[in-house]
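User: I would like to learn how to read the features of a model like this one. Please take me through them step by step.

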Amino acid sequence: MKIEVIKKEENLLEFYLEGEDHTFANLLVETLRENPHVKFTAYTIEHPVTMARKPRFRVVTDGKVTPEQALEEAAKKIFERAKEVLDAWEKAIKK
């Protein structure tokens, strides 16, 4: 996974997320939307015929947090939830 920043302003961040597709992009957007300071977030993936098949994200915040802070918080939530699923799975298979 690689992040390529396209545009960075005080309350706006646009970036490509190389090496990912709709699966992770949807998860990231939905987790970002849980943050009350995120005013807008979405991603697009250009048509498969084009060379840029990587998700392009846009994150806009209200200024109480930066887009980078919102992304860091979302990444931590995703990690914590994945850990919860792994723990539950391990308990289930040990029965």
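Analyst: The turns below go through strands, aromatic rings, charged pairs and a helix, and the model is a predicted one.

User: Let us begin with the strands. Which strands does strand 2 pair with?

Analyst: Strand 2 runs antiparallel to strand 1, and seven bridges join the two. Strand 2 is also joined to strand 4 by five bridges, again antiparallel. Strand 1 and strand 2 form a hairpin that has two residues between them.

User: Which residues can I use to check the register?

Analyst: For the hairpin, take Lys 2, whose bridge partner in strand 2 is Glu 18. Between strand 2 and strand 4, Leu 13 has Val 59 as its bridge partner, and Tyr 16 stands opposite Arg 56.

User: How many bridges hold strand 3 and strand 4 together?

Analyst: Six bridges pair strand 3 with strand 4, in the antiparallel sense. One of the places to look is Tyr 43, whose bridge partner in strand 4 is Phe 57.

User: How do I read the two faces of a strand?

Analyst: In a regular strand, side chains alternate between the two faces of the sheet. In strand 4, the covered face holds Phe 57, Val 59 and Thr 61, while Arg 56, Arg 58 and Val 60 are on the uncovered face.

User: Why is strand 2 described as largely enclosed by the rest of the structure?

Analyst: Because six of its seven residues are buried.

User: Next, aromatic rings. How is a ring pair described?

Analyst: A pair of aromatic rings is described by the distance of the centres and the angle of the planes. The structure holds two aromatic pairs. In one of them, the ring centres of Phe 15 and Phe 57 are 5.0 Å apart and the planes are at 10°, so the pair is stacked. Phe 15 belongs to strand 2 and Phe 57 to strand 4, so this pair ties together parts that are 42 residues apart in sequence. Both Phe 15 and Phe 57 are buried.

User: What geometry does the pair of Tyr 43 and Phe 57 have?

Analyst: Tyr 43 and Phe 57 form a tilted pair, with 5.6 Å centre to centre and 35° between the planes. Here the parts tied together are 14 residues apart in sequence, because Tyr 43 lies in strand 3 and Phe 57 in strand 4. Tyr 43 counts as buried at 17% relative accessibility, and Phe 57 is buried with a relative accessible area of 1%. Ring pairs thus link Phe 15, Tyr 43 and Phe 57 into a cluster.

User: How should I read the charged side chains?

Analyst: Side chains of opposite charge can pair when their charged atoms come close. A search of the whole structure finds twelve salt bridges. Among them is the one between Glu 4 and Lys 54, at 3.5 Å from N to O. Glu 4 is in strand 1 and Lys 54 in the loop between strand 3 and strand 4, so the pair links distant parts of the chain, 50 residues apart.

User: Are these two residues buried or exposed?

Analyst: Both are in between: Glu 4 is partly exposed with a relative accessible area of 32%, and Lys 54 is partly exposed with 22%. The charged end of Lys 54 also sits over the ring of Tyr 16, 4.6 Å from its centre.

User: Which residue does Glu 14 meet in a salt bridge?

Analyst: Glu 14 meets Arg 56, at 2.9 Å from N to O. This pair also links distant parts of the chain, with Glu 14 in strand 2 and Arg 56 in strand 4, 42 residues apart. Glu 14 is buried, at 9% relative accessible area, whereas Arg 56 is partly exposed, at 32%.

User: What other salt bridges could I look at?

Analyst: Arg 33 and Glu 30 meet at 2.8 Å, N to O. Elsewhere, salt bridges that share partners join Glu 34, Glu 73, Lys 77 and Arg 81 into one network.

User: Last, helix 2. How far apart are its end C-alpha atoms?

Analyst: They are 39 Å apart, which agrees with the 39 Å that its 27 residues, 67–93, should span at 1.5 Å a residue.

User: Which residues of helix 2 are buried, and what do they pack against?

Analyst: Pro 67, Ala 70, Leu 71, Ala 74 and Ile 78 are buried. The buried residues of helix 2 pack against strand 2, helix 1, strand 3 and strand 4.

Definitions and conventions: Residues numbered from 1 in each chain as written. Predicted model: local features only at pLDDT ≥ 70, side-chain atom pairs only at ≥ 80, totals over all residues. Heavy atoms only, no water. Helix = DSSP H or I, 4+ residues; strand = E, 2+ residues; numbered from the N terminus. Expected span 1.5 Å × (residues − 1). Buried < 20%, exposed > 50% of the residue type's maximum accessible area, 1.4 Å probe, protein only. Contact = heavy atoms within 4.5 Å. Salt bridge = Lys/Arg side-chain N within 4 Å of Asp/Glu carboxyl O. Phe/Tyr/Trp six-rings, centres within 6.5 Å; stacked < 30°, edge-to-face > 60°. Lys NZ or Arg CZ within 6 Å of the ring centre and 35° of its normal. Pairing = 2+ DSSP bridges.
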